[in-house]
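Hi,

Here's the structure I promised to pass on. Have a look at it first, and then read my notes underneath.

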Amino acid sequence: INFIITHPNTRSEWQFGIRSTIGKLVGVVLAYPICLSVGGASVMSIHPMIVIHKKCLKKRLLHALLKELLRRANLYKINQFVLANPSTLLKPVISAICWGCKLAYPAQLPSSPRTPGWRRMTSDDVTSALILVNKWSSQFEIRRVFTNEEEFCHHFVCPNVPNYVFTYVVENKTGSITDLVKYNIVPDETGTLSATISAVISTQSSVHQLIIDAMVSAKENGAKHVGVNQTNISIDILQLLSFQPSGSLAYFFYNYRYHE
């Protein structure tokens, strides 16, 4: 929640909720704007996090909240949003398998990261890392575009929310950043800390070793479980590291037509 409400480009009217007739909070929307590149065209969209009480899931509350969010976004000339959801709403633009692994099990994990030059990313790395991320992602037809260093710093360093975002970079002997791994750590419903790897960018090091180092550092930071969405990571690598399928995640565009 703090990550979204402290986002440099968000607005207070994009954070709202809905109550039942007895005054109980049954739905919450927290959203911030993102810039997407879709087929080479820039699209300004809203990216929401929506929480709905389990007893209201079948009452079309999600559709009502999305409609109200879009109405509020329209006031700022934003007409689209992109949504990640485990259930199928309409036809998704892309789907991904979620993989998970308990960090107590993999016997092949070393005691510390082994990639030469591996270190925690700092605010001083923002400029170099921003260039690396945007250049690497340019190979994809649908991609997130970070338009300024302040927004990028919030997503990859997040100084306003301690112990939530963990980003590591690999620095070569000349001082250039060649690789990047990012994961978030949050408690699950039982209070156990779980890490979710959201970015693995490799130009010099192997993806396999970068994921191992991410697992090691996540364990050092207190995580008991690590997950990853299989979008640009080989299934063979995940299976080799004892990951197991744990669900699926679908990404939807709203109010945007995209070719087949």
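Below is what I found, going region by region.

One thing up front: this is a predicted model, so please read everything here in that light.

**Helix H4 and its surroundings**

I'd begin with helix H4, residues 149-156. Six of its eight residues are buried, so the helix is largely enclosed by the rest of the structure. The buried ones are Glu-151, Phe-152, Cys-153, His-154, His-155 and Phe-156. What do the buried residues of H4 pack against? Quite a list: helix H1 (2-5), strand S2 (25-38), helix H3 (126-137), strand S7 (142-145), S8 and strand S9 (177-187).

Both ends of this stretch are worth a click. At the N-terminal end, Asn-148 acts as the cap of H4, with a side-chain oxygen 3.2 Å from the backbone nitrogen of Glu-150. Following H4 comes Cys-158, which has a positive phi, near 50°.

Phe-156 turns up in two further places. Lys-182 sits over the face of its ring, 4.9 Å from the ring centre. The backbone oxygen of Phe-156 is also reached by the side chain of Thr-167, at 2.6 Å.

**Thr-167 in strand S8**

That brings me to Thr-167, which belongs to strand S8 (residues 165-171). Is Thr-167 buried or exposed? With a relative accessibility of 1%, Thr-167 counts as buried, because the cut-off for that is under 20%. Leaving out residues up to four places away in sequence, Thr-167 touches Arg-119, Arg-120, Met-121, Phe-156, Leu-180, Val-181 and Lys-182.

**The aromatics**

I count 10 aromatic pairs in the structure. One of them is Trp-118 with Tyr-168: the ring centres are 5.0 Å apart and the planes are at 10°, so this pair is stacked. It links distant parts of the chain, since Trp-118 is in strand S6 (residues 118-120) and Tyr-168 is in strand S8, 50 residues apart. Trp-118 and Tyr-168 are both buried.

For another geometry, look at Trp-136 and Phe-140, an edge-to-face pair at 5.2 Å centre to centre with 70° between the planes. Phe-140 is partly exposed, at a relative accessible area of 33%.

Back at the stacked pair, Trp-118 and Tyr-168 join Phe-166 and Tyr-183 in one aromatic cluster. Arg-120 is placed over the face of Tyr-168, 5.8 Å from the ring centre.

**The cores**

Which residues touch the most other members of the largest nonpolar core? Out of its 29 residues, they are Tyr-183, Ile-197, Ile-211, Met-215, Val-226 and Phe-243. At least two residues of this core come from each of strand S5 (94-102), S8, S9, S10, helix H5 (207-220), strand S11 (225-230) and helix H6 (235-240). H5 gives the largest share, seven residues.

Val-226 is a handy place to centre the view. Setting aside neighbours within four places in sequence, Val-226 contacts Trp-99, Gly-100, Cys-101, Leu-103, Ala-195, Ile-197, Met-215 and Phe-243. There is also a second, separate core of 18 residues, with Phe-16, Val-29, Leu-61 and Leu-83 among them.

**Strand pairing around S11**

How do S5 and S11 pair, parallel or antiparallel? They are antiparallel, over six bridges, and His-225 in S11 is the bridge partner of Lys-102. S10 and S11, in contrast, run parallel and are joined by four bridges. Ile-197 stands opposite Val-228 of S11.

**Two partly exposed residues**

Ser-198 is in strand S10 (residues 193-202) and counts as partly exposed, at 45% relative accessibility. Apart from neighbours within four places in sequence, Ser-198 contacts Lys-182 and Tyr-183. So both the lysine over the Phe-156 ring and a member of the aromatic cluster are touched by Ser-198. Ser-198 and Asn-85 are 113 residues apart in sequence and 15 Å apart in space, C-alpha to C-alpha.

Gln-239, in helix H6, is partly exposed too, with a relative accessible area of 47%. Its C-alpha atom is separated by 9.2 Å from that of Trp-99, and the two residues are 140 apart along the chain.

Happy to go through any of this on screen.

Cheers

Notes
Residues numbered from 1 in each chain as written. Predicted model: local features only at pLDDT ≥ 70, side-chain atom pairs only at ≥ 80, totals over all residues. Heavy atoms only, no water. Buried < 20%, exposed > 50% of the residue type's maximum accessible area, 1.4 Å probe, protein only. Polar contact = N/O pair within 3.5 Å; in protein donor to acceptor, adjacent residues only side chain to side chain. Contact = heavy atoms within 4.5 Å. Phe/Tyr/Trp six-rings, centres within 6.5 Å; stacked < 30°, edge-to-face > 60°. Lys NZ or Arg CZ within 6 Å of the ring centre and 35° of its normal. Core = buried A, V, L, I, M, F, W, Y, C linked by side-chain atoms within 4.5 Å. Pairing = 2+ DSSP bridges.
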